[in-house]
Amino acid sequence: MLASALLKGPPYVAQQLRVELGHDYVPNISRLQQLIHRAWELGFDGDGAGELNNAVTETSKWIGTTEIFALFSSMRIECAIRDFSNGNGDLPMQLFTFCRTYFSDNRPGRFRGPLCIQYSGHSRTVIGVDTTGIDCNPSDPKLLQNIGLLIFDPGQSQWDIEIQGNPTRTWYKAHIYRPMVSFKEQTYSILYFTGNILTDEQYEAMKQPGAGHFHTV
């Protein structure tokens, strides 16, 4: 879904992706695995490649934020990873605040593509936040049961979330809504796109260990 969003994103980003892919449609899983392996060979995310024994093609290994970072960085599409840890006990609110700020950025020309959130070896696509019925900035932890993220889960098939007609809040709640109170892991990573193309200098810098990672404690 991330590649699909980029192909429909800012013209210069979409064009860059089309050039790198050699076509204007989303690659299948096998091709994506090949492209990730190519990114490793180009020097991106050496640590992550090592954790997967430098093998991802023709496997059923899950693709996470670091692999996605390597993939799109190798294509010169700028992205970054925000790491979250439960240092002070308000991790769900940190996640929500980050996602809400990201999707609420209405600056002219700002690209707000989907996010990828990873935890415990599982990755999901975040397409928005839900604050329906809340008319204030949600800073009270008691609100965690009433606010949440809108998520596409790879564990669901397209038929599980097929929409009949226009989506309603009832449909969102039943199919893609995840309340913040359900986010109970100790660490999370969120990959996001900036809407920029990497310069030659930035392209090389993204190959360094830890490049593109930012920490929220």
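Is Glu 20 buried, partly exposed or exposed, and what is its relative accessibility? In this predicted model, Glu 20 has a relative accessibility of 25% and is therefore classed as partly exposed. Its side chain forms a salt bridge with that of Arg 38, with an N to O distance of 3.9 Å. The pair connects distant parts of the chain, since Glu 20 belongs to helix H2 (residues 11–21) and Arg 38 to helix H3 (residues 29–41), 18 residues apart. Arg 38 is likewise partly exposed, its relative accessible area being 34%.

Across the whole structure, 6 salt bridges were found. Among them is the pairing of Asp 105 with Arg 110, at 3.1 Å from N to O. Here the acidic partner, Asp 105, is buried at 15% relative accessibility, whereas Arg 110 is partly exposed at 29%. Both residues also belong to a network of salt bridges in which Arg 107 takes part. A further salt bridge joins the side chains of Glu 204 and Lys 207 at 3.3 Å, N to O. Glu 204 is partly exposed, with a relative accessible area of 42%, and Lys 207 is partly exposed as well, with a value of 22%.

Asp 83, located in strand S1 (residues 77–85), presents a contrasting case. This residue is buried but has no salt bridge, and the nearest side chain of opposite charge, that of Arg 82, is 8.3 Å away. With a salt bridge requiring a separation within 4 Å, the distance of 8.3 Å to Arg 82 does not qualify. The side chain of Asp 83 instead makes a polar contact with the side chain of Ser 189, at 2.7 Å.

Aromatic contacts were examined next, and 8 aromatic pairs were identified. One of these, formed by Phe 72 and Phe 193, is edge-to-face, with 5.3 Å between centres and 85 degrees between the planes. Because Phe 72 is in helix H5 (residues 65–74) and Phe 193 in strand S6 (residues 187–197), this pair ties together parts lying 121 residues apart in sequence. Phe 72 and Phe 193 are both buried. Tyr 102 and Phe 103 also form an edge-to-face pair, their ring centres being 5.1 Å apart and their planes at 80 degrees. These two residues, Tyr 102 and Phe 103, are both buried, and ring pairs link them with Phe 84, Phe 98 and Tyr 192 in a cluster.

Finally, a contact between a charge and a ring involves Arg 76, whose charged end sits over the ring of Tyr 203 at 4.2 Å from the ring centre.

Technical notes. Residues numbered from 1 in each chain as written. Predicted model: local features only at pLDDT ≥ 70, side-chain atom pairs only at ≥ 80, totals over all residues. Heavy atoms only, no water. Helix = DSSP H or I, 4+ residues; strand = E, 2+ residues; numbered from the N terminus. Buried < 20%, exposed > 50% of the residue type's maximum accessible area, 1.4 Å probe, protein only. Lys, Arg positive; Asp, Glu negative; His and termini not counted. Polar contact = N/O pair within 3.5 Å; in protein donor to acceptor, adjacent residues only side chain to side chain. Phe/Tyr/Trp six-rings, centres within 6.5 Å; stacked < 30°, edge-to-face > 60°. Lys NZ or Arg CZ within 6 Å of the ring centre and 35° of its normal.
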